[in-house]
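Q: I would like a close look at the charged side chains of this protein and how they pair. Please take one part in detail and then place it in the wider picture.

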Amino acid sequence: MKPIDQVRETAERISSMEIRGAGRIATAAAASLKEYALSVQAESLDDLNQKAAQAADLLLKTRPTAVSLSNAIRMVMKYEAEEIDDARQAIASNADRFIENSRRAVEKIGQIGSRRIRDGDTILTHCNSNAAISVISAAHRSGKKIQVIATESRPRFQGITTIGMLDQMGIETELIVDSAVRTVMNDVDLVVVGADVITANGTLVNKIGTAQIALCAREARTSFMVAAETYKFSPMTILGELVTIEERDATEVLADISRYRHVRVRNPAFDVTPHQYIDLICTEAGAIPPEMSYLIIRERLGWDMEEESI
Ligand code: RUB
């Protein structure tokens, strides 16, 4: 396989959602760039830089919402080198560092977030988020007796992945259809979800349905926690950029749309939860109120206002 075909294959696996979830797509992209940088033929340093930038671009275009992808690629591609081999090594070690930091961040988020869970709590989660599951599993491992309610998360049913993971850990779980959230909310002590993007003002972009859950939680006075690595925060939103919400294929919702003459299917994959509905964002840098998101972007992502491109 040509080195670029490996990148194309990874990009295809991300687009088709074989690899999914903001953290996983970011680490898959970093690993793919590393492999590419170490194996692609290059005639000069410029040639390598250009080829690596093209490969990064292929990966970047796969899923438009997740900022984890652009943050990962920006971190991996941040290097200065005088020789081709130095550039290859710099990309490879940046990728390794990103992947290792990402793994540690999820673990740390679990430790920090689990302190907010009390013995006997019922936790509701949506979609399938590694960071959210890390919080739940850390609480379980620390000996707290907890139950989880997991939504199906139509149309791609990531909730089935979630119940599978929780089941493996021996955690008591109930599966509900997405529209049952309000019905069960009075039994819930804490909502824990992941994040695709957190903006400079603490707004959350996550799997479609998250905003409705936050609304129900607010109505029931139930705490709503977001579990997110700091690379889920979006630097570009400081510069006023809006988050693109991915619209996926109609067939994910309705297989045979051709039977209908006047029907159109809308399939937005993510929605927007205002920061007022979020009690806490649990990151590897600590549990913060959403209003502190700007500081996370400036301090943890080292974002410089001059830096307008990824
Ligand atoms: C997944 C999703 C997850 C976040 C966070 O959407 O919305 O809640 O990506 O996940 P999709 P993680 O299935 O469309 O990729 O904490 O694992 O990064």
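Is Asp57 buried, partly exposed or exposed, and what is its relative accessibility?

A: The model is predicted, and what follows should be read on that basis. Asp57 has a relative accessibility of 34% and therefore counts as partly exposed, since that class lies between the 20% limit for buried and the 50% limit for exposed. The side chain of Asp57 meets that of Lys61 in a salt bridge, with 2.8 Å from N to O. Lys61 has a relative accessible area of 63%, so Lys61 is exposed.

The pair is part of a wider set: the count of salt bridges comes to 18. One of them joins Asp96 and Lys34, whose closest N and O atoms are 3.0 Å apart. This bridge links distant parts of the chain, as Asp96 sits in helix H5 and Lys34 in helix H2 (residues 22-39), 62 residues apart. Both ends are partly exposed: Asp96 has a relative accessibility of 37%, and Lys34 has a relative accessible area of 24%.

Another bridge is formed by Arg118 and Asp121, with 3.3 Å between the closest N and O atoms. Here the two ends fall into separate classes. Arg118 is exposed at 51% relative accessible area, whereas Asp121 is buried at 5%. Salt bridges also form a network, which links Arg63, Arg156, Glu246, Arg248 and Glu252.

Some charged residues are found in a surface patch instead. Glu80, Glu82, Glu83 and Asp86 form a negative patch on the surface. Asp86 belongs to helix H5 (residues 84-114), the helix that also holds Asp96. With a relative accessible area of 42%, Asp86 is partly exposed.

The surface has a nonpolar patch as well, made of Phe157, Ile160 and Leu175, with about 240 Å² of accessible area together. Ile160 lies in helix H7 (residues 158-168) and is partly exposed at 41% relative accessibility.

As for the whole chain, there are 10 helices and 10 strands. Of its 310 residues, 53% count as buried. The C-alpha atoms fill a box of roughly 65 × 50 × 40 Å along the principal axes. The radius of gyration is 20 Å, which agrees with the value near 19 Å for a compact globule of 310 residues.

Terms used:
Residues are numbered from 1 along each chain as its sequence is written. This is a predicted model: local features need pLDDT of at least 70, side-chain atom pairs count only at pLDDT 80 or more; totals for chains, interfaces and linings use all residues. Side-chain values use heavy atoms; hydrogens and water are left out. Patches are made of residues with over 30% relative accessible area and no salt bridge: like charges are joined within 9 Å, nonpolar side chains (Val, Leu, Ile, Met, Phe, Trp, Tyr) within 5 Å. Accessible areas come from the Shrake-Rupley method with a 1.4 Å probe; for residues, only the protein chains shown count as cover. A salt bridge is a side-chain nitrogen of Lys or Arg within 4 Å of a carboxyl oxygen of Asp or Glu. Lys and Arg count as positive and Asp and Glu as negative; His and the chain ends are not counted. The place of a charge is taken as NZ of Lys, CZ of Arg, CG of Asp or CD of Glu. Helices (H or I, at least four residues) and strands (E, at least two) are DSSP runs, numbered from the N terminus. Buried means under 20% relative accessible area, exposed over 50%, partly exposed in between (1.4 Å probe, protein chains only). The radius of gyration is taken over C-alpha atoms; the globule rule is 2.2 Å times the number of residues to the power 0.38.
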